[in-house]
Amino acid sequence: LGAICGQAIIGTKVNAPLSCYADGVYVLPMENVLATKGTGVVTSVPSDSPDDYAALRDLKKKADYYGIQPAWVDGFEPRPVISTAAYGDMTAPALCDEMKINSQKDRDQLAKAKEAAYKEGFYNGTMSVGEFKGLPVQEAKPKVRELLIARCDGFAYAEPEGLIMSRSGDECVVALCDQWYIEYGEAAWKALTEECLAAMDTYNDETRHQFEIALGWLHEWACVRAFGLGTRVPWDPSLLIESLSDSTIYMSYYTVAHLLHRSLDGSAPGPLGITPEDMDGAAWDYVLLGKELPAGHSKADALGELRRSFLYWYPVDIRSSGRDLIQNHLSFFLYNHTALFAKAEWPRSVRTNGHLLLNGEKMSKSTGNSLSMRQSCDRYGADATRLTLADAGDSVEDANFEESTANAAILHLYTLLEWITEAQRALAQSDAAPDQPTKAGDIELRPASSAVTTVDRIFDAEMD
């Protein structure tokens, strides 16, 4: 609506919503403000914000330096707002003393203190004041938001936390659009999904831990968008299902795809002669969910074959994917399976992996640190590429493709090939002169006898 110079309102007394000070508080300057957007005015909470506590302490010590009147700060002390087990009622003063933070200029230490304070306050804190005294902070936060809006002391506002650029190089802005949400946090549904996770093999404790965290915070998820690639929303074709929410049960289609069509585009019908028109909602409900088919359905026998194939191949024995998808797509995968399928069809395991680094650095086309599979095979050959990948690492940690290892693998393979060639040549010579054993490298090759055992043939096959 308008713009003002922040310096012009220093010393102005204002009413801060839900403040302990009924007579208002003063607008004061603050050094450690790194925000690039917003009003520039926030309510100070020196009991819980290390930045605010450091600023208040500096202002009291050096009122003249900051150009304020001592009376603007002398009557104000930190008031308890949140109580935590780790730091008591005064989280910010406790952390500033513990980390020996002397002023607002200790920015690195303040950043660490802020992270510790906000984490402890949000996850382990309880409210010390106000209408929601005694409630955990996690429960009180949305209630405080609703209260501020109801009193007309606040309104909902959204914008990116920082500058966001699209892939086309355009600056992004926030638009108010209609949106559909999936309520993943619904209690009964969440309980089913946690039951699925408990019975599932994750191959790694860290993967299980990350799933537990994701299921703990996941709730309403915006699941549609207005443009791009994707599946149309059935009840609103103007919108698309966003990619992380889409394709969470696609593996169930694999169980019947070979019976539905012979080509990827579906132009050639499968062996059962089923057409896309035959696969209506009732047909899919029968094949995947076991619901009754409507009486007189024209493809009942063929659909029975699909149902048997689905039950033979399902559930998913293992889903392998990147660890970064645990917090969204892979959790949706679990949620949607528990929503649709019987327990016997729930996923049995999920294995996650880290990313692939190149020479210890993140792969990025923009920096030039990039190597495709085709480029690696052209440069080092398929065998050296396989050996280097095998040596790169496993599990949820990032693997590292070292080009020096690939170069070394070429030399080792060349040496191995020379040894094999020499060994085979020596073997051929020993067949020609059976009375004399010969050597190739460090392996003694005995003359072939007439009694060739299965083990001999296996050894020859391995050598070949």
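Which elements cover the buried residues of α4? I began with this helix, in what is a predicted model.

**Entry 1: helix α4**

I found that the cover over the buried residues of α4 includes α1, β3 (82-83), α3 and α5 (137-150). The buried residues I noted in α4 are L110, A113, A117, E120 and G121. I then looked down the axis of α4: its buried residues fall within an arc of 105 degrees, so they line one face of the helix. On the face turned away from that buried side I found the exposed residues D108, K112, E115, K119 and Y123. I also checked the length of α4. From first C-alpha to last, its 18 residues reach 25 Å, and the value expected at 1.5 Å a residue is 26 Å, which is close.

**Entry 2: helix α1**

I went next to α1, since it had come up in the cover of α4. Is α1 mostly covered or mostly open? I count it as mostly covered, with 10 of its 12 residues buried. The buried residues run through P50, D51, D52, Y53, A54, A55, L56, R57, D58 and L59. For their packing partners I recorded α2 (71-74), α3 (91-98) and α4 (107-124). I checked the span of α1, residues 50-61, as well. The expected span is 16 Å and the end C-alpha atoms lie 17 Å apart, so the two agree.

**Entry 3: D89**

I looked up D89 and placed it in the loop between β3 and α3. Is D89 buried, exposed or partly exposed? Its relative accessibility is 35%, so I put D89 down as partly exposed; the partly exposed class lies between the limits of 20% and 50%. Leaving out residues up to four places away in sequence, I list S47, P80, I82, S83 and S128 as the residues that D89 touches. I also took one distance from D89. I149 lies 60 residues from D89 in sequence, and the two C-alpha atoms are 27 Å apart in space.

**Entry 4: T202**

I found T202 in the loop between α6 (187-199) and α7 (205-217). Its relative accessible area is 4%, so T202 counts as buried, the cut-off being under 20%. What does T202 touch, not counting residues up to four places away in sequence? I recorded L197, T207, R208 and V350.

**Entry 5: a sheet of 3 strands**

I traced an open sheet of 3 strands, and its order is β13-β12-β14 with mixed pairing. The edge strands are β13 (361-362) and β14 (399-401), each of which pairs on one side only. I then followed β12, residues 356-358, to β14: the two run parallel and are joined by 3 bridges. Across this pair I noted L358 opposite F401 of β14. As a reminder to myself, strands of a sheet pair through backbone hydrogen bonds, parallel or antiparallel.

**Entry 6: the second largest pocket**

I turned last to the second largest pocket, which holds about 1,000 Å³ of space. Its lining has 23 residues, and V173, A175, C177, Q179 and V224 are the closest to its centre. Which elements give two or more residues to this lining? I found β6 (220-222) and β7 (224-225). Of the elements, β6 gives the most to the lining of the second largest pocket, with 3 residues.

Technical notes
Residues are numbered from 1 along each chain as its sequence is written. This is a predicted model: local features need pLDDT of at least 70, side-chain atom pairs count only at pLDDT 80 or more; totals for chains, interfaces and linings use all residues. Side-chain values use heavy atoms; hydrogens and water are left out. Helices (H or I, at least four residues) and strands (E, at least two) are DSSP runs, numbered from the N terminus. The expected span of a helix is 1.5 Å times one less than its number of residues. Buried means under 20% relative accessible area, exposed over 50%, partly exposed in between (1.4 Å probe, protein chains only). Contact means heavy atoms within 4.5 Å. Two strands pair if DSSP finds at least two bridges between them. The arc is that of the directions from the helix axis to the C-beta atoms. On a 1 Å grid over the protein atoms alone, a cavity is a set of points where a 1.4 Å probe fits but cannot get out, and a pocket is an open set with protein on both sides within 12 Å along at least five of seven lines; lining residues have an atom within 4 Å of a point. Grid points are joined across faces, edges and corners, and a volume is the space filled by probe spheres set on the points.
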